[in-house]
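Please read the following note alongside the sequence and the three-dimensional view. It is written as a set of numbered points, each on one topic.

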Amino acid sequence: MGWNDIDVVQLFSGGMDSFGGAVQALALDKQNPVLVSHRSAPKTWSVQRKLVSEMQSWSHSPDIPHVAIQVHKHDRILRKDRTQRSRSFLYAALAGTVAHILGHDRIRFYENGVTSFNLPISAQVVGARATRTTHPRVLQGFAKILGLVRGKPMKVENPFELKTRAEVLDVVMAGGAQALLRHTVSCAHIHLSSTMHPHCGVCSQCIDRRFSVLARGLER
């Protein structure tokens, strides 16, 4: 593999879903993806780097193209906002830029449908109160913005939009990469993580991850 024969540009956070997307591309679709990551913090970068290294050994590929871009809020006033509501827009911008440079007209998010659609569990979680960062309508908006910026159409896809997280694990298992799941981190409280405890175990991401792992008998 290498930079001269890239098939697809896709986001890679180091979480279970984006890892499943990498397995889908490498093992099942037999494609050469370039993985695009946001280096939000040293902890996150360490997880991403380790996982890519493990995937190289697993796939017998000496080089899986990986672009990790460091972007931070410069002004202290901006740092007070910890909602991360614009996070997926940043990701789309990074991947869209990489795709444009490489001459590609599409980028891919990999997010399970339960998270993408984020259906309200109560009347308090509607409208602007609920974040739907990879909802199909949101991705259509990203595609429109990226297309206008580059002057050419850009597609933004989520191949996992109709899958549950347990079904994402089916993809990982089909690719024979379940042993690498221990290197993925899906926790929303990354600032509290440590080498001994990479997951908080109580956030929605951790609970969803735990349920899906148990559903597929991968707890050990």
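The points below begin with the chain as a whole and then turn to individual helices and residues.

1. Overall organisation. The model under review is predicted. Its protein chain contains seven helices and five strands. Followed along the sequence, these elements appear in the pattern β-α-β-α-β-α-β-α-α-β-α-α.

2. Burial and contacts of the chain. The protein chain has 220 residues, of which 42% count as buried. Among the contacts with a separation of 6 or more, 71% are made by residues 24 or more positions apart. The exposed area of the protein chain is about 12,400 Å², and carbon and sulfur atoms supply 55% of this area.

3. Helix α3. This helix covers residues 87-102, which makes 16 residues. From the first C-alpha to the last it reaches 23 Å, close to the 22 Å expected at 1.5 Å a residue. The buried residues of α3 are Ser88, Tyr91, Ala92, Leu94, Ala95, Gly96, Val98 and Ala99. They pack against four strands and a helix, namely β1 (8-11), β2, β3 (66-69), β4 (106-108) and α5 (136-150). Just after α3 comes Gly103, with a positive phi of about 80 degrees.

4. Helix α7. Twelve residues, 204-215, are assigned to this helix, and its span between the first and last C-alpha is 16 Å, close to the 16 Å expected. Which residues of α7 are buried? They are Cys206, Arg209, Ser212 and Val213. Viewed down the axis of α7, these buried residues fall within an arc of 135 degrees, so they line one face of the helix. That buried set packs against α1 and α6 (165-174). On the other side of α7, Ser204 and Phe211 are exposed. Gly217 follows the helix and has a positive phi, near 65 degrees.

5. Asn32. This residue belongs to the loop between α1 (16-28) and β2 (33-38). Is Asn32 buried or exposed? Its relative accessible area is 4%, so Asn32 is buried, the limit being under 20%. The side chain of Asn32 is joined to that of Asp5 by a polar contact of 2.7 Å.

6. His183. This residue is found in the loop between α6 and α7. With a relative accessibility of 13%, His183 counts as buried. Leaving aside residues up to four places away in sequence, His183 touches Val47, Lys50, Leu51 and Glu54. The C-alpha atoms of His183 and Gly15 are separated by 8.8 Å, although the two residues are 168 residues apart along the chain.

7. Cysteines. A disulfide is a covalent bond between the sulfur atoms of two cysteines. How many disulfides does the model contain? The count comes to zero, by a rule that requires the two sulfur atoms to lie within 2.5 Å. For Cys200, the closest cysteine sulfur is that of Cys187, and the separation of 3.5 Å is too far for a bond. For Cys203, the closest cysteine sulfur is in Cys206, at 3.6 Å, which is also too far for a bond. The surroundings of these cysteines can be described as well: Cys200 is partly exposed, with a relative accessible area of 28%, whereas Cys203 is buried, at 6% relative accessibility.

Methods. Residues numbered from 1 in each chain as written. Predicted model: local features only at pLDDT ≥ 70, side-chain atom pairs only at ≥ 80, totals over all residues. Heavy atoms only, no water. Buried < 20%, exposed > 50% of the residue type's maximum accessible area, 1.4 Å probe, protein only. Helix = DSSP H or I, 4+ residues; strand = E, 2+ residues; numbered from the N terminus. Polar contact = N/O pair within 3.5 Å; in protein donor to acceptor, adjacent residues only side chain to side chain. Expected span 1.5 Å × (residues − 1). Arc of directions from axis to C-beta. Contact = heavy atoms within 4.5 Å. Areas by Shrake-Rupley, 256 points an atom, 1.4 Å probe, with all protein chains shown as cover.
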